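Student: I should like to discuss the salt bridges of a protein model, beginning with individual pairs and ending with the whole chain. May we look at the structure together?

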Amino acid sequence: MTRQKLHSLLSIFAILVSTLALSSPAKENVSVPKPNPNLDLARQLNQAFVQVAEEVSPSVVVITVTQKTTESPFKLPPGQEQNDGEDPLDRVPPEFRKFFRQSPQEKSTGQGSGVIIREDGFILTNRHVVEDAEKIEVRLKDGRTFQAEVRGVDAPSDVAVIKINTQSLPVARLADSSKTRVGEFAIAIGAPFALDYTVTFGHVSAKDRSNIVMPDPESPTMTDQSFIQTDANINPGNSGGPLVNIDGEVIGINTLIRGLHTGIGFAVPSNLAREVADKLITDGKFTRAWLGVSIRSFREYPEYREFVPGIQDGVVVTEILPSGPAAKSELKPGDVVTAVDGKAVVTSQQLKDAVRGKTIGQNVKLDVVRQGDSPKDIQRLKVIVKPGEYEDKNVLVASNETYPKIDSSSGTLGLKVQAVTRDLAEHYNVNATEGLIVTSVDKTGLAARNGIRVGDVITSINQHRVSDPKEFRELIKNLDTKRGVIVNLISEGAAKFEILKEGDD
């Protein structure tokens, strides 16, 4: 290519570049993103979660518990002892050998969480976190560690307060949990699986969850359950730590989960935790008022609703304990309590909440609806009960001994009865002087399926008092077990009632 042609091509290229530059300035070729208000909202929410974690975490503690000495569960099975100088553990991978070493006694350790509620060292946690503790160590967010002592525990609510000796601690803010709404954000902070200060978030899935923890039949105790349910990820080690709202206020104390990785966790509401904790701090125990009754929500008892028409809500008294305060009142099994001192109650927990803080021995007025001799005979009464102090005691289990076979009444209810006599009363260890003693129960019958046992004393059938076997036979001839039969009885000294209905298991 000649010098002249190269010069011409360069001239043409320069003209093209100049033209493009004039027609399309470089600045206009740069793509500038437009503002996105949705991203701004996401950033604000993100910052809110960050602030909650930063604000609340200093008031959260990690609790390490050394429990009382127990027999080691890790022992070689019989016949696997050392033989001919060979150690059977040589066949176990090295990283697992420590779990099988013979040890007559070992101390077990566990970890949980807690939340500081007073700057002078009072910490709120779960009872089951510090239960049977021989030594409790508390570690703060700043790394300091302290030995703690148990200030008090309350079994029915699973709440405990421990104390460390220091001052000027960061304190968590407790919310009014009654204002917590289903669907709002919930943030859990704790030490799951020894991963300290883990933060997870979700929502409040439900409120007022009861019957989550079933009492141990071998050692029954009252349960005070009105859990907040959450899908925030809670795992072992979170127990005792806070569940907080988006404002950084504690709405609950994380207590239990329903299976790992289910997204179903439960927390004690902050209002209940605060009420119990305040008393544990001042008195060392929580004095709980109680009526000594077994109860069930009227809404959740469809079998009984048709027997008490005309009301929509309330709490059914299903049993009155012989040693309880209500046994000294005019309250009866089958009564439907609609209000406590003028405050309406709909659920069993609402009745417990209404009674819990009452003064021991002070009159409490119950609005009661009671069925009379017929379904149309409905009475509305005011019943006065003086609450007593609840004491956690084991309930004796009734004997399974049966009385020698006696000719007695039988029928569609699947049981046999005999009139109360002194000999029968002594044999079954009952104080009743009237009614019919159950002397036999068909294991597949209606009575057995509803918990009626040998030794129980039936006092009435469908509100008709009975004390004669012949009268009993005549009465049950025309019973409609598909509709349901109300049986009032005394079982283990407690007055109660059951509804025997076909189709119930």
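Student: With which residue does Asp 40 form a salt bridge?

Tutor: This is a predicted model, and the partners here are identified from its atoms. The closest N and O atoms of the pair are 3.2 Å apart, and a salt bridge requires a separation within 4 Å. The partner of Asp 40 is Arg 43.

Student: Which helix holds both Asp 40 and Arg 43, and why are they separated by about one helical turn?

Tutor: The two residues are separated by about one helical turn because they are 3 residues apart in the helix. That helix spans residues 37-56 and is α3.

Student: Does Arg 43 count as buried, partly exposed or exposed, and what is its relative accessible area?

Tutor: Its partner Asp 40, at 40% relative accessibility, counts as partly exposed. The label exposed calls for over 50%. Arg 43 is exposed, with a relative accessible area of 53%.

Student: How far apart, N to O, are the side chains of Glu 131 and Arg 127 in their salt bridge?

Tutor: Glu 131 is partly exposed, with a relative accessible area of 31%. Arg 127 is also partly exposed, at 25% relative accessibility. Their side chains meet in a salt bridge with an N to O distance of 3.4 Å.

Student: Are Asp 154 and Arg 288 buried or exposed?

Tutor: The side chains of Asp 154 and Arg 288 meet in a salt bridge at 2.8 Å, N to O. The label that applies to a residue under 20% relative accessible area is buried. Both Asp 154 and Arg 288 are buried.

Student: How many residues apart in sequence are the parts that the salt bridge of Asp 154 and Arg 288 ties together?

Tutor: The side chains of Asp 154 and Arg 288 meet in this salt bridge. Asp 154 lies in strand β5 (residues 145-154), whereas Arg 288 lies in the loop between α5 (270-283) and β14 (289-290). The pair therefore ties together parts whose separation in sequence is 134 residues.

Student: Which residues are linked with Arg 173 in a network of salt bridges?

Tutor: A search of the whole structure finds 17 salt bridges. In the network that includes Arg 173, the linked residues are Glu 55 and Glu 249.

Student: What percentage of the residues of the chain count as buried?

Tutor: The chain has 10 helices and 27 strands. The count is taken over 505 residues. The buried share is 42%.

Definitions and conventions. Residues are numbered from 1 along each chain as its sequence is written. This is a predicted model: local features need pLDDT of at least 70, side-chain atom pairs count only at pLDDT 80 or more; totals for chains, interfaces and linings use all residues. Side-chain values use heavy atoms; hydrogens and water are left out. Helices (H or I, at least four residues) and strands (E, at least two) are DSSP runs, numbered from the N terminus. Buried means under 20% relative accessible area, exposed over 50%, partly exposed in between (1.4 Å probe, protein chains only).
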